[in-house]
Amino acid sequence: MDVTRAAAILDRNWLGSSTVPSRSLYPHQWSWDSAFIALGLRHLSPARARRELRTLFAAQWADGRVPHIVFDPGTPPEAYFPGPGFWRAGRTSGLVQPPVHARAVLAVHEAEPDQEFLAALYPKLVAWHDYLRTRRDAGGRGLVAIVHPWESGMDNSPAWDGPLARVTPSTGFVRRDLAHGDAADRPSDEDYGRYVRLAADYRDSGYRAFGEFVVEDPGFNALLADAELAMAEIADALGLPSSGHREAAARVAKALQETLWDSAAGFFFARDVRTGALTPAYTCAGLLPLVLPDLGVAPALLATATGPRFRLGQVHGVPSHDLTAADFDPARYWRGPSWFNVGWLVRQGLLHHGEHALADRLRDDLLATAEETGFAEYCDPFTGEGHGTRSFSWTAALTVDLLA
Ligand code: 2M8
């Protein structure tokens, strides 16, 4: 495959200073999408990759949080729900998404060194990570807690079912996503009602209070530890002290292993901070600590990844949920299908842990599946059939990166 088709998708989804994940389903800028998009854009136009990230960080809040959506003023408010009128936070939402931005900033700089860009983004990244560390350690164990499933980026993951069951669904709103996506591929109405309730409660607390849903997600925290490793490299490139970032990464990695690792299961589970219990679902978030090069439990985690629950290397991509679970669903969003960003991250992890043959197989599969599905949002792990929206930006961008 050559990069032409993927590049054309990124061109079509470009708004002028940022990229939409999808023209139909997600017509604004999303936080972690932009980081993945920049990883691809850097090979096509480093200037556009820098612009993408600068636009996102221009919407950073005074408290350091990077909002999960930056609304495009040129797009009608009814194009996406919940829109700016719901959030009452100017042009942004008040939630966050996984902190993959430092890794993206570093990669963009490596593609075309730009000290001014790096120096401008570094303090913003410091503030972002400080917000997570200081304002989100609800469990007091040195891990970030998410307060909404949307913050994980894996909206209807089975890992959230337990904590979400405490939330009374909101009613009386109109879902916009179903106009663009097959209902069988999207979260259920009941889950959507719970998302809206949680977001409204959080908004009404001034985006401060921990509510019914407070969860330590292994994916989010692993990506923060990795982000601190990237920060150390950024600090080195700027001639600034970097050891604090390496120590921060080590602290998160240690807390992750002490709190969320289950050695009998050989897996990282999410923890419900309200009950103190680990949630029982094996989801792809529990594989993301593989991105950490010094992960002591990597051999056991790799055994789970290649075993019957995820069958890495034998199915398409990395399934978002346990293939052996009774509630595994090959089509419904984050409850089974394989997502390209997770595949890309797990491939990085495989490379760190010396699994080169498996990493190559995953790369070849991701590239073939992306092309065959028209750059789908996600795919059936067994058949490779595309689901969700097509011409999806991070699928295209990560394709570009894998081809580079
Ligand atoms: C999905 O999430 C949004 C809410 O943030 C939605 O369902 O409307 C998730 O897949 C998330 O990871 C992604 O960032 C977003 C945009 O692609 O869509």
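Which residues does Ala359 touch, not counting residues up to four places away in sequence? The first legend below takes up this question.

**Figure 1. Surroundings of Ala359 in helix 14 of the predicted model.** Not counting residues up to four places away in sequence, Ala359 touches Arg347, Leu350 and Leu351. Ala359 has 19 other C-beta atoms within 10 Å and is therefore partly exposed, since a residue counts as buried if 20 or more lie within that distance. Leu312 is 47 residues from Ala359 along the chain, and the C-alpha atoms of the two are separated by 9.7 Å.

**Figure 2. Helix 15 and the helices around it.** Helix 15 spans residues 393–403 and is largely enclosed by the rest of the structure, because 9 of its 11 residues are buried. The buried residues are Ser393, Trp394, Thr395, Ala396, Ala397, Leu398, Thr399, Val400 and Leu402. These residues pack against helix 1 (4–12) and helix 2 (31–44), and also against helix 13 (340–352) and helix 14 (356–372).

**Figure 3. The shell of residues around the ligand.** The shell includes the aromatic residues Tyr26, Trp30, Trp32 and Trp150, together with Pro21. Asp33, Asp155 and Asp177 are also around the ligand, as are His68 and Gly153. By class, 5 residues of the shell are nonpolar, 2 are polar and 3 are charged.

**Figure 4. The cis peptide bond between Phe81 and Pro82.** Omega of this bond is about 0°. Pro82 is in the loop that runs between strand 2 (69–70) and helix 4 (84–87).

**Figure 5. Two loop residues with positive phi, Phe375 and Ser391.** Phe375 has phi near 60°, a positive value in a residue other than glycine. The loop that holds Phe375 lies between helix 14 and strand 9 (378–379). Phe375 has 27 other C-beta atoms within 10 Å, so Phe375 is buried. Ser391, likewise a residue other than glycine, has a positive phi near 50°. Its loop connects strand 10 (386–387) and helix 15. Ser391 is buried because 21 other C-beta atoms lie within 10 Å.

**Figure 6. Val126 in helix 6.** Helix 6 covers residues 115–135. Val126 counts as partly exposed because it has 17 C-beta neighbours inside 10 Å. Arg197 is 71 residues from Val126 along the chain, and the C-alpha atoms of Val126 and Arg197 are separated by 31 Å.

**Figure 7. The chain as context for the close-up views, with its 15 helices and 10 strands.** The chain is as compact as a globular protein of its length, because its radius of gyration of 19 Å is close to the 22 Å that the globule rule gives for 404 residues. The C-alpha trace spans about 50 × 50 × 45 Å along its principal axes. Of the 404 residues, 53% count as buried. Among contacts between residues at least 6 apart in sequence, 69% join residues at least 24 apart. An unreviewed UniProt entry annotates residues 26–395 as "domain: Mannosylglycerate hydrolase MGH1-like glycoside hydrolase". The end C-alpha atoms of residues 26–395 lie 14 Å apart, and this span is 45% helix and 5% strand. The average pLDDT of the chain is 97, with 100% of the residues scoring at least 70. For the model, ipTM is 0.99 and pTM is 0.98.

Definitions and conventions
Residues numbered from 1 in each chain as written. Predicted model: local features only at pLDDT ≥ 70, side-chain atom pairs only at ≥ 80, totals over all residues. Buried ≥ 20, exposed ≤ 12 C-beta atoms within 10 Å, placed from the backbone. Helix = DSSP H or I, 4+ residues; strand = E, 2+ residues; numbered from the N terminus. Contact = placed C-beta atoms within 7 Å. Near = placed C-beta within 6 Å. Nonpolar A, V, L, I, M, F, W, Y, C, P; charged D, E, K, R; others polar. Rg over C-alpha atoms; globule rule 2.2 N^0.38 Å. pLDDT = per-residue confidence, 0-100. UniProt positions renumbered as here; feature names shortened; annotations may be inferred.
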